[in-house]
Amino acid sequence: MVAILGFTRARVIAAVKEMYTDVATAPERPYHFPVGRAACHAVGYSDVLLEGIPEEALASFAGVGCPFRAGVIRSGDTVLDIGSGAGTDAFIAARLVGPKGKVHALDMTPAMVEKLRALAAALPARNLEVVEANAESIPLPDVSVDVVTSNGMLNLVPDKRRAIAEIFRVLKSGGRVQIADIVIRRPVTLDCKSDPKLWAECVVGAMVDEDYLAFFRDAGFEDVSVLQDADYFQLSRSAETRDVARRFGARAIVITMQRAEAAPSRWVQLARRCDPRRAIRSLRRRGLAGAAALVLSMLACYGTFAATAALSLAGISVAIDRGAWSATILAFGLAAVVAIGVGMRKHGRFAPLGAALAGGALLAYAHVVEFGYVVELAGFALLGVAVVLDLHVRRHLSAAVLVGEKHPSAT
């Protein structure tokens, strides 16, 4: 399956496995994210929670939060830990469910699986089963677990909707979820996502927080609640990582939710995804509001003209209120100028806004003062140049921030 811009799901997974193989086999090495017992304490684990956990498991801990603050695991539960790593969370869950419960610890990195199996075999408790698999294809029966827990996993998964659907599938009706994960407030540009290695470094694969929560609601989860929102990346030893996180508003959240009795129908899910309010927010976050407004302005102009011409050829006469027509064209054109002006506040470059103001002025002259096809077309052309410049500057800014991240240093 092609994921984004030609790099494959296999390449993304290989990059993630490579990173976490290192964490499993050489946890003492410096990483751009916190690792070990100190990382557990930094993200909110108490000494009580960590009591009795093998030191080898703690050494390879690379979670981003403490999902156990949700308090949803009960004695006798069947728990699935997705992305269990060396087993810190799996061992905690095994203690919480007791001898009558069971924990399935799922991870796709062979080195982590091998390490966890060895640690589990050395303990007297036998309520922990280690499974080598990935979140997009969970090898468990439908409605077979009471709780799903995960820590810093979904941001590394290429197909997040599929993984969330799998979580819904294996949970029993009313089953609970506790997740710690990375989200962002400003979307990563597509060219920054074209390096699979960056997926293993948490920010690039992360979703915008609103979209992330919406994915769970779309899948049929209820009472989706954010329990914690923290600046996880302040803990990084890498200045580049901290700067990237700041640029994209990357943070760690802890969330909890409950599985509904049944998943929404495909039509309901489609209606939610097609909600125009969600589309507008998405365009704005991605810097595409100006482009969308320009397209709508041109459609209002030339689309209306083409439609009336086609109807006329068919012998159908349509009366157009030219004042309302011009007002619609200008309104969308003004929206494009405003959107590009907002972009200037982000990148500080005047050239896109200058071109947009000139284009808007020509468009206004053509529709308010004296109409001319050449003047109108020149106005649209300048607005198009402004949109392209604005997108180019935004993309260049994001890419420049990520240059140092391809080879993160321990500074």
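**Exercise 1. Find which helix gives the most to the lining of the second largest pocket in this predicted model, and describe the pocket around it.**

Solution. Start with the contributors: α13 (289-313), α14 (322-347), α15 (351-369) and α16 each supply at least two residues of the lining. Among the elements, α13 gives the most, with 5 residues. Next, take the volume of this second largest pocket, which is about 390 Å³. Its lining is made up of 16 residues, and the closest to the centre are F305, R322, W325, F371 and Y373. Display those five side chains together and you have a good view into the pocket.

**Exercise 2. Place L389 in its helix and decide whether it is buried, partly exposed or exposed.**

Solution. First, locate the residue: L389 belongs to helix α16, which covers residues 373-402. Second, look at its relative accessibility, which is 32%. Buried would need a value under 20% and exposed a value over 50%, so L389 counts as partly exposed. Third, look for its neighbours, leaving out residues up to four places away in sequence: L389 touches A351 and P352. Finally, try a distance: the C-alpha atoms of L389 and A355 are separated by 8.9 Å, while the two residues are 34 residues apart along the chain.

**Exercise 3. Work out how many cavities of 30 Å³ or more the whole structure holds, then describe the largest cavity.**

Solution. A search of the whole structure finds 3 such cavities. The largest cavity has a volume of about 470 Å³. Now turn to its walls: 33 residues line the largest cavity, and G83, S84, G85, D107 and M153 lie nearest its centre. Two or more lining residues come from each of α1 (9-25), β3 (78-82), α5 (88-97) and β4. Of the elements, α1 gives the most to this lining, with 4 residues.

**Exercise 4. Describe the surroundings of H104, beginning with the strand that holds it.**

Solution. H104 sits in strand β4, residues 102-107. Its relative accessibility is 9%; since buried means under 20%, H104 counts as buried. Then check what its side chain meets: there is a polar contact of 2.9 Å with the side chain of E129. To finish, list the wider contacts, again without residues up to four places away in sequence: H104 touches T78, V79, L80, D81, E129, L140 and V145. Notice that E129 appears in this list as well as in the polar contact.

**Exercise 5. Explain why strand β10 is largely enclosed, and identify its partner strands.**

Solution. Count the buried residues of β10 (residues 251-259) to begin with: 7 of the 9 are buried, so the strand is largely enclosed by the rest of the structure. Now follow the pairing. Strand β7 (residues 171-184) is joined to β10 by 8 bridges, and the two run antiparallel. One pair to display is V177 with its bridge partner in β10, M257. Strand β9 (residues 221-230) is also antiparallel to β10, with 7 bridges between them. Here S225 has T256 as its bridge partner in β10.

**Exercise 6. Identify the residues with the most contacts inside the largest nonpolar core, then look for another core.**

Solution. The largest nonpolar core has 60 residues, and Y20, F33, Y45 and L128 have the most contacts inside it. Apart from this one lies another core of 33 residues, including I82, L140, V157 and I253. As a last step, go back to Exercise 4: L140 of this other core is also a residue that H104 touches.

Terms used
Residues are numbered from 1 along each chain as its sequence is written. This is a predicted model: local features need pLDDT of at least 70, side-chain atom pairs count only at pLDDT 80 or more; totals for chains, interfaces and linings use all residues. Side-chain values use heavy atoms; hydrogens and water are left out. Buried means under 20% relative accessible area, exposed over 50%, partly exposed in between (1.4 Å probe, protein chains only). A polar contact is a pair of N or O atoms within 3.5 Å; within protein, one must be able to donate a hydrogen and the other to accept it, and residues adjacent in sequence count only if both atoms are side-chain atoms. Contact means heavy atoms within 4.5 Å. Two strands pair if DSSP finds at least two bridges between them. A nonpolar core is a set of buried Ala, Val, Leu, Ile, Met, Phe, Trp, Tyr and Cys residues joined through side-chain atoms within 4.5 Å. On a 1 Å grid over the protein atoms alone, a cavity is a set of points where a 1.4 Å probe fits but cannot get out, and a pocket is an open set with protein on both sides within 12 Å along at least five of seven lines; lining residues have an atom within 4 Å of a point. Grid points are joined across faces, edges and corners, and a volume is the space filled by probe spheres set on the points.
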